[in-house]
6 protein chains.
Amino acid sequence: MTGARLSHLDAAGHAVMVDVSAKPDTRREAVAHGHVRMRPATLAMILSGDMPKGDVLATARIAGIMAAKKTSDLIPLCHPLAISSVKVDLAPDAAGAGIEITARVRTTGPTGVEMEALTAASVAALTLYDMCKAVERDMEIGQIHVIHKSGGASGTYDRAATP
Amino acid sequence: MTGARLSHLDAAGHAVMVDVSAKPDTRREAVAHGHVRMRPATLAMILSGDMPKGDVLATARIAGIMAAKKTSDLIPLCHPLAISSVKVDLAPDAAGAGIEITARVRTTGPTGVEMEALTAASVAALTLYDMCKAVERDMEIGQIHVIHKSGGASGTYDRAATP
Amino acid sequence: MTGARLSHLDAAGHAVMVDVSAKPDTRREAVAHGHVRMRPATLAMILSGDMPKGDVLATARIAGIMAAKKTSDLIPLCHPLAISSVKVDLAPDAAGAGIEITARVRTTGPTGVEMEALTAASVAALTLYDMCKAVERDMEIGQIHVIHKSGGASGTYDRAATP
Amino acid sequence: MTGARLSHLDAAGHAVMVDVSAKPDTRREAVAHGHVRMRPATLAMILSGDMPKGDVLATARIAGIMAAKKTSDLIPLCHPLAISSVKVDLAPDAAGAGIEITARVRTTGPTGVEMEALTAASVAALTLYDMCKAVERDMEIGQIHVIHKSGGASGTYDRAATP
Amino acid sequence: MTGARLSHLDAAGHAVMVDVSAKPDTRREAVAHGHVRMRPATLAMILSGDMPKGDVLATARIAGIMAAKKTSDLIPLCHPLAISSVKVDLAPDAAGAGIEITARVRTTGPTGVEMEALTAASVAALTLYDMCKAVERDMEIGQIHVIHKSGGASGTYDRAATP
Amino acid sequence: MTGARLSHLDAAGHAVMVDVSAKPDTRREAVAHGHVRMRPATLAMILSGDMPKGDVLATARIAGIMAAKKTSDLIPLCHPLAISSVKVDLAPDAAGAGIEITARVRTTGPTGVEMEALTAASVAALTLYDMCKAVERDMEIGQIHVIHKSGGASGTYDRAATP
């Protein structure tokens, strides 16, 4: 990646919204991952017991979907774009130590949707934190990264196994 | 924490915005942490070289501050509140492997500002990702947690050393 | 409508924003109706007397137009789309018992604009309620439905006479 | 109510946001009602069958709660205020012909929360419409009115039986 | 004003939202002015003729009022606050060369409302520009300044005659 | 410009969002100008001294860019559109009496981006005012106008020298 530079700065180092007016519309997809680490007892309260599990996970899913639509309002140099679909999946992790979040976003447009997928995963995670913080303050949100990206001039990206 | 329950669900398990109308206004503070892991070469592009560093970190700082103000718009069951101050600090981590983010939020009100601090840290991290993604896709956002919280009936919380 | 299902749920019953990335852009229109029932004396205050009528109806019209643009921010699974036009008409009903609202929205895109038209009509109605509530609390908003829809794969819909 | 006038217009008939700076903060509550009329078959798809009911009603509940927080952004002359709680209940109506919506909002402040409760009920209804429109276009939103209001100088209001 | 410094920067020159948590709530008011210069023929189209004047000025008034409520969302370091009233007046200027805008905002809180008043005046001006740009592109918005400010520790300010 | 009329009013003089559904997508650009007049001492605090200049100008730049994306949310009859790029430049004026602002916006769509450029310039100016108001209240925002516009049926516009 010789010669790479931070595309959101102009020659003077000033923040700009990059010009995409010459880029064609193409179908694009991005998938992002996130994780909320919590104690097994907290996880159990979300997943089972006499507390219906519906609204905790449903609220986080919906918050993630709605956040994807606000991405360009949150991230200063993101382009507004017409999102074609958003799906946010939440599931307990294999170790029983938290919730895994997967957010998949699609669009047809001149720019990618990594930021939309990352924002959806982040806000779903924040919403889980909010709903469980009365029982545990030590939760930690992490592992927020792009798993997959396709479409556009830069081609397909698939994240290598986590180091 | 026997008898603890998820405060954002009513007896039927339905999401509700918790009633805080009987809680007094007190001065409250929360400090949250976040981290963006990146390659040393990416970090170097932000911090030095002929590229002025100002706008990358300044943009992330401002995005974090503005996001704190949008917290109740992003997190479904968060109460809107009058934030008294927000400060977002960004600095290279000790290992030279990324940027540490610290967000401190204060208010005088009936509810705490953990979610505002966590949201500020998360969106500052997402903004760094956005500004650097043209040079590295493998960055990872993590270690988002509450470091400190004071004010309100639940008293002061200080996070123990990370396990 | 055998086999119909709720399109906004996936196979597991989870909320998703439906994928429209394979649908072509077509010109679409939707017209929605709403009504605010009020006492004749309240209606008279809006329409005549020494109180200039301009700003009550103008405020409701503008609120409806602006709300159409916020539809995807309000309705969790709505797609953001580029609205081509919005028109909100307000007129006293034939019985002299309220204000009829008609909202017409057009776009060129992959999804319809029923929700935008319904949201414009609803928010125009809420704005009328707000402006008149100091003189009458018993007003009722109702008859919010789609009158007409055209464009897209599902073809043209015209509502039958109200039962 | 002799001498009543539309409080949101000044002497020239121009829209203004009424001055509440001299009004004391008091605890206030408002409860609003709404209804979505639909065919029994549509209602059955929401409530039962092999489709988990969770996300349809949960999505509408959350949309209503979030909309309450956006009221002053939607209704031009509404004051922004710090909502203390929001609760949105959804239940099938007695006749099996739709869903009843009840939204209760509380605040401590200088103005009432009728508009917040009405907005929550309206947006919950719009969200139900959105999620069911693929199976029925003829649904109708109605019966949106204030059931109860308390707090503030104007005292307690309880709606009489619907005429 | 010896020793004055830019209060929105910390010791390192980084943007911060100033801490107002130790400041008492007081009643505050700010009045801002703006102007849109246009040709007499454009002004005449707004004010008279067979075109009803209502909606041009009403739309600008409402846009100004709504913008005051969005100030903390637009200006990065502004505190969110509970506005008590907003009034936007529009009138032809003495020279017949444009529209004068006066925006008055009140609150009870720890910070002033100059930015809210200036934002209301600016957005009312932009809305006039938008509504008239089909007939004149040469309009100019100017003279946006604070006329009056009262309340808070810094006391009352009244702008001297324009130089 | 005989026969010109205010395009945002219908035949009855009511505000409408103009129908652009029959207009083709074309590449469009608009450049707007703004100015903040301040005392030389205030200007000096922004530009030099021991106060790093970075965050004042960076904050205003970012505020302007983000505001361009909110234009259709602020200006009632503006169409939402997919902005392709935004650039906001800030520089001291030739007379040393303030900051000149230039905002350039591009899109590919059916309507122009003058309002987006004017909004970016206005909000950058308001942000400068906010950040400097602790040292000077007498600043004035002015000279907000369109310098250049190209694309679309109405062709290219370049502002003549200021009268």
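This passage describes strand pairing, a helix contact between chains and several individual residues in a predicted model.

In chain D, strand E1, which spans residues 26-37, is mostly covered, with nine of its 12 residues buried. Strand E1 of chain D is joined by 12 bridges to strand E3 of chain D (residues 98-109), and the two run antiparallel; within this pairing, D:Gly34 has D:Ile101 as its bridge partner in E3(D). Eight bridges also join E1(D) to strand E4 of chain D (residues 140-150), again in an antiparallel arrangement, and here D:Glu29 stands opposite D:Ser150. Strand E1(D) is thus paired with E3(D) and with E4(D).

Between chains E and F, a contact is formed by helix H4 of chain E and helix H4 of chain F, each comprising residues 114-132, whose axes come within 11 Å and cross at roughly 165 degrees. Because angles over 145 degrees count as roughly antiparallel, H4(E) and H4(F) are described as roughly antiparallel to each other, and their crossing is right-handed. On the side of chain E, the residues of H4(E) that take part are E:Met115, E:Leu118, E:Thr119, E:Ser122, E:Leu126, E:Tyr129 and E:Asp130, and these meet F:Met115, F:Leu118, F:Thr119, F:Ser122, F:Leu126, F:Tyr129 and F:Asp130 in H4(F). By class, the contact of H4(E) with H4(F) comprises eight nonpolar, four polar and two charged residues.

For two other pairs of chains, no contact is found. Chains B and C are not joined by any contact, and their closest C-alpha atoms lie 10 Å apart; likewise, no contact joins chain A and chain E, for which the closest C-alpha atoms lie 10 Å apart.

Several individual residues may also be described. In chain A, the loop between strand E2 (83-92) and strand E3 (98-109) contains A:Ala95, which has a relative accessibility of 67% and therefore counts as exposed, since the cut-off for that class is over 50%. The C-alpha atom of A:Ala95 is separated by 9.4 Å from that of A:Pro40, although the two residues are 55 residues apart along the chain.

In chain B, B:Gln143 is placed in strand E4 (residues 140-150) and has a phi near 55 degrees, a positive value in a residue other than glycine; with a relative accessible area of 35%, B:Gln143 is partly exposed. In chain E, E:Gln143 is found in strand E4 (residues 140-150), where its phi is near 55 degrees, a positive value in a residue other than glycine, and E:Gln143 counts as partly exposed at 34% relative accessibility.

Methods: Residues are numbered from 1 along each chain as its sequence is written. Chains are lettered from A and ligands numbered from 1 in the order in which they are written. This is a predicted model: local features need pLDDT of at least 70, side-chain atom pairs count only at pLDDT 80 or more; totals for chains, interfaces and linings use all residues. Side-chain values use heavy atoms; hydrogens and water are left out. Buried means under 20% relative accessible area, exposed over 50%, partly exposed in between (1.4 Å probe, protein chains only). Helices (H or I, at least four residues) and strands (E, at least two) are DSSP runs, numbered from the N terminus. Two strands pair if DSSP finds at least two bridges between them. Axes are lines fitted to C-alpha atoms, for helices over the stretch in contact, and angles run from 0 to 180 degrees between N-to-C directions. Angles under 35 degrees count as roughly parallel, over 145 as roughly antiparallel, 65 to 115 as roughly perpendicular and the rest as oblique. A crossing is left-handed if the near helix is turned anticlockwise from the far one by less than a right angle, and right-handed if clockwise. Contact means heavy atoms within 4.5 Å. Ala, Val, Leu, Ile, Met, Phe, Trp, Tyr, Cys and Pro count as nonpolar, Asp, Glu, Lys and Arg as charged, and the others, Gly among them, as polar.
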